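Colleague: Thanks for making time today. Could we go through this model together, a piece at a time?

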Amino acid sequence: MSKICLCCGKEINENTTMSWHKECLYKFFGTYSFPDVSVLESEIEKLAIQDINKNFSITGV
Ligand SMILES: [Zn+2]
């Protein structure tokens with residue numbers, strides 16, 4: 001079963017236990033080693049919050 005990269009949403013064909021492409025990981029965190037899970041989760045939360053705020057400001061309701 002192929003995994004979907006959490007960063008770009010494309011399939012990961014690499015033999016890895018991570019749910020990120022190495023390239024995406026590097027682009028996002030500037031490192032090829034997976035950061036601490038709590039750091040990662042807070043980063044994703046931040047991004048999600050930014051997206052929500054963006055959507056709110058666009059709709060303006
Ligand atoms: Zn990716």
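Colleague: Let's start with His21: where is its place in the chain?

Modeller: Happy to help, and do keep in mind that this is a predicted model. Strand E2 covers 11–12 and helix H1 covers 22–29. His21 has its place between these two elements, in the loop.

Colleague: Is His21 buried or exposed?

Modeller: The cut-off for a buried residue is 20 or more other C-beta atoms within 10 Å. His21 has 21 such atoms within 10 Å, so it counts as buried.

Colleague: Which residues does His21 touch, not counting those up to four places away in sequence?

Modeller: Contact here asks for C-beta atoms within 7 Å. With residues up to four places away in sequence set aside, the partners of His21 are Cys5, Cys7, Cys8, Ile12 and Glu14.

Colleague: And what separates the C-alpha atoms of His21 and Ile4?

Modeller: Along the chain, these two are 17 residues apart. In space, the separation between their C-alpha atoms is 9.0 Å.

Colleague: Now for Glu11: is it buried or exposed?

Modeller: Glu11 is found in strand E2. A residue is exposed if it has 12 or fewer other C-beta atoms within 10 Å. Glu11 has 11 of them, so the label is exposed.

Colleague: Which residues does Glu11 touch, and what separates its C-alpha atom from that of His21?

Modeller: Not counting residues up to four places away in sequence, Glu11 touches Ser2 and Ile4. Glu11 and His21 are ten residues apart along the chain, and their C-alpha atoms are separated by 8.7 Å.

Colleague: Stepping back, in what order do the elements of the protein run?

Modeller: The protein has two helices and two strands. Reading from the N terminus on, the order is β-β-α-α.

Colleague: Last one: which element has the lowest mean pLDDT?

Modeller: The protein as a whole averages a pLDDT of 78, with 77% of the residues scoring at least 70. Among the elements, E2 has the highest mean, 91. The lowest, 72, belongs to residues 37–59, helix H2.

Methods
Residues numbered from 1 in each chain as written. Predicted model: local features only at pLDDT ≥ 70, side-chain atom pairs only at ≥ 80, totals over all residues. Helix = DSSP H or I, 4+ residues; strand = E, 2+ residues; numbered from the N terminus. Contact = placed C-beta atoms within 7 Å. pLDDT = per-residue confidence, 0-100.
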